Amino acid sequence: MSSSKPLIVIVDDETHILHVVSLKLRNAGFEVITAQNGEEGFDAIAQHRPDLVITDYQMPVMSGLEMCTRLKAEPVTANIRAIMLTARGFSISAEALEQTNIQAVLSKPFSPREVLTKVQEMVLGTVDKTEAI
Amino acid sequence: MTLMALNLESMSMDPIRRRIESLGITSVILAADSGKMRARIEGSARWIEHLLIDCAAFQATIHQAWQEIRTSPGADGGPVTLWPGVWLTPLLAAPHPRRRQTDPLPDHCVAALFVGTEFLHSEQFRLLCDMQRVDYQAALKRIDVAQLATRREADRVSTLIEWMQSDAADAERRGKEVYGLSSELGETYEELSLLYKLAMNMTVDQPPRHFIADACHELQQVVGMRWLAIQLVADDPRLNDLQGEVFAAGDLVLTHDQIRGVGLHLMNIGLDPNLPKVIDDIHSLGLPELSRQSSDLLVVPLATDNRLIGVLFGGQKLDPPGANLTTVDSKLCGALANSLSIFIENFMLYEDMQAMFMGTLHALTSAIDAKDSYTFGHSERVALMSRMLAEAAGLDGQVVERVYVAGLIHDVGKIGVPEAVLCKPGKLTAGEFEQIRMHPEIGARILRDIRQMKDIIPGVLSHHERWDGHGYPFGLAGAEVTELQSDEVTKEEVTELQSDEVTKEEVTELQSDEVTKLITPSLRHSVTSSSLLHSVTPSLLGGIPLFGRLIALADSFDAMSSTRTYRSRLEHGQVINEIRRCAGTQFDPDLASVFVELDFEPYRQMHRRHEIAAQQSDGGRSDGVTK
């Protein structure tokens, strides 16, 4: 894998979500690293400094919110932005989000296409033309 | 996860090759070169192995052995003996025992090369030394015998390699499976998310037109087509005003009329109502404007009970560019078409029910109005003006429709009033007048048990109340204070609302009930009505309900604008002046000021229609214009 590809870290305890999202992103030319809980995710992010993080909210060991809060508090990862996937109807307070770099919250069941569009928008700063029609 | 990009064979063989090399076993690459299978060394190897590989006779033996493997594959699965004490185990993607005759051998592969001590004692070793111009005795000294293999070792390692190959093939197959499942799951997520969005939209009370347009747009995005359209059939009256409608989304390559043409054509080509279809041969449709634009066309019928109600179609896949439409696309469109069909069917059923309901109401109210030819069309005109007033007063669309129904049904209680009284020319006796005054309560009682009329009843019951409290049946005054507003009502206001006619005894008698406490003395003659009022409008804390105030204006306006048994109609200007004059006494002053500004043209037209109809039905008795 070439290092010029943008790197995304996906954190979710449900492997099927990891598979679906990584497949969509890899096929679109992103490099992907996955982790299964907030702690693993935090270590992977601190080590690899990805361009973007996609994380679930509810996970064992450490929640996605706690992970993102810790990421923002840590100088080396303070500027890494994140997208959060949550159960539908589950809302996170604005104050809690304030302590993180979560810039978008998508609810499950999510559309992989929409996740990809969001990632492209945030990482490449572009919107795929087909989506913009 | 990188399966897609890599050669599958090298993918599974590379780790095995690295492993056998780390065990000190030499691997060679076998590859076809000008029609001959040749071996070469890429990693590290021993001197004796280099010597062998460099020897043309050895290469010829390898080529010959390869042909034998090809013709009788996997005889025993063990190493192939090339020369005495020289064995080769090819690392084939499929393990020997399961390789089938029909599987062609690859034109290159990796193989493990073993050299055993017996080779050193063979004739071939001497020949090798001769051919490669190496001194036989020096060669023997140079070789570290301890590093040579035995046949047993070669056999065991070959078996291990076979197992590893089998495991690697399994792992690879599972990897492919996971990849396939992830792709399918991804599609399912798209489908789920799309259907979820649609379901969310369905619960929102939005016009079907918007819903279908949204669905069309969402699907075009999800499937990644350049354009997508939905055409509804033009000959199903159940579709009401959606008959023959076209919805389109995306980058429209055709004009609206062309899309309609394609849609109508597609519905006539004998589609199976339950099967989505990808038409690859667009030319066969004979639609030049379409075949110029798309190479294939997805067609999904919309059907309820096997009856075609529309067709969804679109073309030109954009994501990935230039791709053909797939079964995934038609599956997704099929799922959406299903929901859409159900939605449209529900809409039609709803419309049917609504039409039935309104038809019944109209029939019922016409029957009431027909009791007295002077009131022909009265209910419909009151409904019309109540609706216009409600709209102008800024009420919510749904409430406006309920006001219309209330206006239509407001006089239903007249069913219980004898025709002789209703149609009596000249002055009514006090008793007759009392009978007429009963109609709001009779109406409320008739409607009491109809769940769908709960919100209408207060309007029916209170349409003869007056702003100043001198109306009937309860003599309510002012605007009703609803529960929401009740906190704001001060004690002074409550006192003000109480009529000063209420005697002390009555107040004491009634004060246990917050509602009746606010009701004026006309309660005296209708205790039953008060409980009725209370049961249908629990929020009524006094004052005239909004529906009643709206209908009262429309009702009086129509009464004054129509000829009655006892008087001729008034001129429009007079009627308006009268309403202005009575604002704040008979009518809610705020609503009255809205009412006088209304556009009365629709009313005039309706009134004219009613007059003509009434004339035709009974010789012009109700003709108010000429009278």
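B:D305 is exposed in this predicted model, with 8 other C-beta atoms within 10 Å. Since a residue counts as exposed at 12 or fewer such atoms, B:D305 falls on the exposed side of the cut-off. The residue sits in the loop between β9 and β10 of chain B. Its phi is near 50 degrees, a positive value in a residue other than glycine. A positive phi of about 50 degrees is also found at B:R133, again not a glycine. B:R133 belongs to the loop between α5 (123-131) and α6 (136-142) of chain B, and it counts as exposed because 6 C-beta neighbours lie inside 10 Å. Most residues other than glycine have a negative phi, and most peptide bonds are trans.

Cis peptide bonds occur in both chains. In chain A, the bond joining A:K108 and A:P109 is cis, with omega about 0 degrees. A:P109 lies in the loop between β5 (102-108) and α5 (112-124) of chain A. In chain B, the peptide bond from B:Y472 to B:P473 is cis, and its omega is near 5 degrees. The place of B:P473 is the loop that runs between α17 (457-461) and α18 (483-486) of chain B.

Helix α9 of chain B spans residues 256-266, and its buried residues are B:I259, B:V262, B:G263 and B:L266. These residues lie on the same side of α9(B), because they cover an arc of only 100 degrees around the axis. The elements of chain B against which they pack are β6 (225-232), β7 (246-250), α10 (288-291), β9 (297-304) and β10 (307-317). Two of these strands, β9 and β10, flank the loop that holds B:D305.

Between the chains, 18 residues of chain B are in contact with 15 residues of chain A. On the chain B side, α7 (151-203) and α8 (208-223) each supply at least two residues. The largest share, 10 residues, comes from α7(B). By type, the chain B side of the contact divides into eight nonpolar, seven polar and three charged residues. For the complex, the predictor gives an ipTM of 0.83 and a pTM of 0.59.

The mean pLDDT of chain B is 79, and 82% of its residues reach 70 or more. Over residues 486-531 of chain B, pLDDT stays under 50, and the model has 50 contacts beyond four places in sequence for this stretch. Residues 534-540 of chain B also have a pLDDT below 50, with 15 contacts in the model beyond near neighbours in sequence. Where pLDDT is low, the predicted coordinates should not be read in detail.

Definitions and conventions. Residues are numbered from 1 along each chain as its sequence is written. Chains are lettered from A and ligands numbered from 1 in the order in which they are written. This is a predicted model: local features need pLDDT of at least 70, side-chain atom pairs count only at pLDDT 80 or more; totals for chains, interfaces and linings use all residues. Two residues are in contact if their C-beta atoms, placed from the backbone, lie within 7 Å. Helices (H or I, at least four residues) and strands (E, at least two) are DSSP runs, numbered from the N terminus. Ala, Val, Leu, Ile, Met, Phe, Trp, Tyr, Cys and Pro count as nonpolar, Asp, Glu, Lys and Arg as charged, and the others, Gly among them, as polar. pLDDT is the predictor's confidence in each residue, from 0 to 100. A residue is buried if 20 or more other C-beta atoms lie within 10 Å of its own, exposed if 12 or fewer, and partly exposed in between; C-beta atoms are placed from the backbone. The arc is that of the directions from the helix axis to the C-beta atoms.
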